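Me: Hi! I've just opened this one and could use a quick tour. Mind if I fire off some questions?
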Amino acid sequence: MSAEAIVEARGVGKSYDGGVEALKDVSLALPRGKLSTLLGPSGCGKTTLLKIIAGLIPPSRGEVWVKGMKVEGPGPERAFVFQDFALLPWANVLRNVAFGLELRGTPKEQRDEIARRQIAEVGLSSFESSYPHQLSGGMRQRVGLARALAVDADIILMDEPFSSVDEQTRRKFQEELLDLLRHKEKTVIFVTHSIEEAAYLSDQIVLLSPRPGAVSRIIHPNIERSGRNPDEIRRDKNYLDAVDEIWQILKQYVA
Amino acid sequence: MERKNLIGTRRLWQLISIIFFFGLWELAGRWPISLAFPPFSTTVLALLRMTADGSLLKAYLSTLQPLVIGIVLCGIAGIGFGIGMGLSRSIEWFSLPIFIILQAAPMAAIIPLITYIYGIGLASKVLAVVVLAAPVIVMNSYKGIRNTNPSLIQMCRAFLGTRRQEVIKIILPHAGALIFAGLRLGLAMGFIGIVIAELMITPTGIGDLITYHSSVADYPEMFGAIASIIVLAALTIHALERLERKLFPPEVRGS
């Protein structure tokens, strides 16, 4: 991988009170401008690793470096998309999308304008004044994504963002995500337990072994995506090889 | 149409329930089960007489004074204290046991003690209201704060919110519904407190009407006074409940 690393984990470990070891000596480099996936069976600590990178959980051992700076907490160059969306139920879509900017003290007019643009990009323009409970799961996650895009971070951290939406929405969302990111210079770190999702989306897949989570293998699917439709990608030999390779490794962890 | 029918049927049954209850009362009074138990119609007439001669209004003016003062005090100090308990571990550990005991204890039992210390004036009656209303108001505020969705707090931190923003923009709006419900329950307890105070400490206001008319064997007037405070409390609590649903609709309150 020629691209320089934007996120680096060095010997990261995490133990919880009571001695549960969630992560053990994880070292990896995630390239700038690429989509990297953290993939593994449930309980492998992939979400913990993502939250450590986000600065939401402190590591017990080791350190994480983002853009040459050691992570001590959340930072403006990282934005998070939550598995359960984490939208304010009492705020409409516009305020939810603008919320990151609101916290930063961006004046209302300016942040609303940015938020409107992001809402349009995720295809929710007519829902600006709707409330989260009026939206489907897929639409709520678009709001979560728009909120992360609105703060214009270089790195988008996504924690199983599609796990609570149905399969059709999930596929459509994956395609849109690729489309959206193709035009942006974003680095995406994506946590999933779906092999197909990882192979379909990623430039680089980090396979984690179960508890305590450790890097088991790093795979570069090397799928040519530009100018091809999703069905072509899903029939691509490299895509199918990647899915198979991941499954060969993961199945030894299935009890 | 279906829904309209349902509401119609509901109203009909509610009407039947009311007629049944008052009809039973009327019958029991005419039987009579006791000379001291007047029928519904006589009670209503007595109530109208007391309204006309102004004694009911005068009684309520003096009854509502300590009730309102007590609830306002609880509203300010109790909510403030409950929020403090929710936000600070030290305050929580310091005061939680006290409030758990206060909430479970039959607080009416300490009203004689209040009289012993504070005499028979306004202060004692206010205190009686406070002692009954405060625990539920404090506990509800505390629980409202403590039950904030942890995912929203994490979201706020991930988007660089300060602790202050976290409290103002996430925790307090989230707790609003429970705090308001606490006030409503507190008022219900306050009604109990004030009636006990007026019966046990010194007969004033509505308590005076009840004791006086019972001592001179004007049982319809006595029952009229009792019924009036029950109706007033029930209507006030119900109105607050409706206001609560309007201010904090279940789908946007987030808890």
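Me: Let's begin with the largest nonpolar core: how many residues does it have, and which have the most contacts inside it?
Reply: Happy to help! This is a predicted model, and its largest nonpolar core has 131 residues. Those with the most contacts inside the core are Ile53(A), Leu157(A), Ile189(A) and Ala133(B).

Me: What is Ile189(A) in contact with, leaving aside neighbours within four places in sequence?
Reply: Two of the other core residues just mentioned, Ile53(A) and Leu157(A), are in contact with Ile189(A). The rest of the list is Val7(A), Leu30(A), Ser36(A), Leu38(A), Leu50(A) and Ile155(A).

Me: Switching to the strands, what's the order in the open sheet of chain A?
Reply: The order is β2-β1-β4-β5, and the 4 strands pair antiparallel. At the edges sit β2 (21–31) and β5 (69–70) of chain A, each pairing on one side only.

Me: And how many bridges join β1 to β4 there?
Reply: There are 5 bridges between β1 (residues 5–15) and β4 (residues 61–66) of chain A. Across that pair, Arg10(A) stands opposite Glu63(A) in β4(A).

Me: Which strands does α1(A) lie across?
Reply: α1(A) lies across β1, β2 and β4 of chain A, at about 120 degrees to β1(A).

Me: Over to chain B. Which residues of α7 are buried?
Reply: In α7 (residues 150–158) of chain B, they are Leu152(B), Met155(B), Cys156(B), Arg157(B) and Ala158(B).

Me: What covers them?
Reply: The cover includes α1 (46–54), β6 (78–81) and α2 (93–104) of chain A, along with α8 (163–200) of chain B.

Me: Last one: how does the model score on ipTM and pTM?
Reply: ipTM is 0.88 and pTM is 0.83. For chain B, the mean pLDDT is 90, with 98% of residues at 70 or more.

Notes
Residues are numbered from 1 along each chain as its sequence is written. Chains are lettered from A and ligands numbered from 1 in the order in which they are written. This is a predicted model: local features need pLDDT of at least 70, side-chain atom pairs count only at pLDDT 80 or more; totals for chains, interfaces and linings use all residues. pLDDT is the predictor's confidence in each residue, from 0 to 100. A residue is buried if 20 or more other C-beta atoms lie within 10 Å of its own, exposed if 12 or fewer, and partly exposed in between; C-beta atoms are placed from the backbone. Helices (H or I, at least four residues) and strands (E, at least two) are DSSP runs, numbered from the N terminus. Two residues are in contact if their C-beta atoms, placed from the backbone, lie within 7 Å. A nonpolar core is a set of buried Ala, Val, Leu, Ile, Met, Phe, Trp, Tyr and Cys residues joined through C-beta atoms within 7 Å. Two strands pair if DSSP finds at least two bridges between them. Axes are lines fitted to C-alpha atoms, for helices over the stretch in contact, and angles run from 0 to 180 degrees between N-to-C directions.
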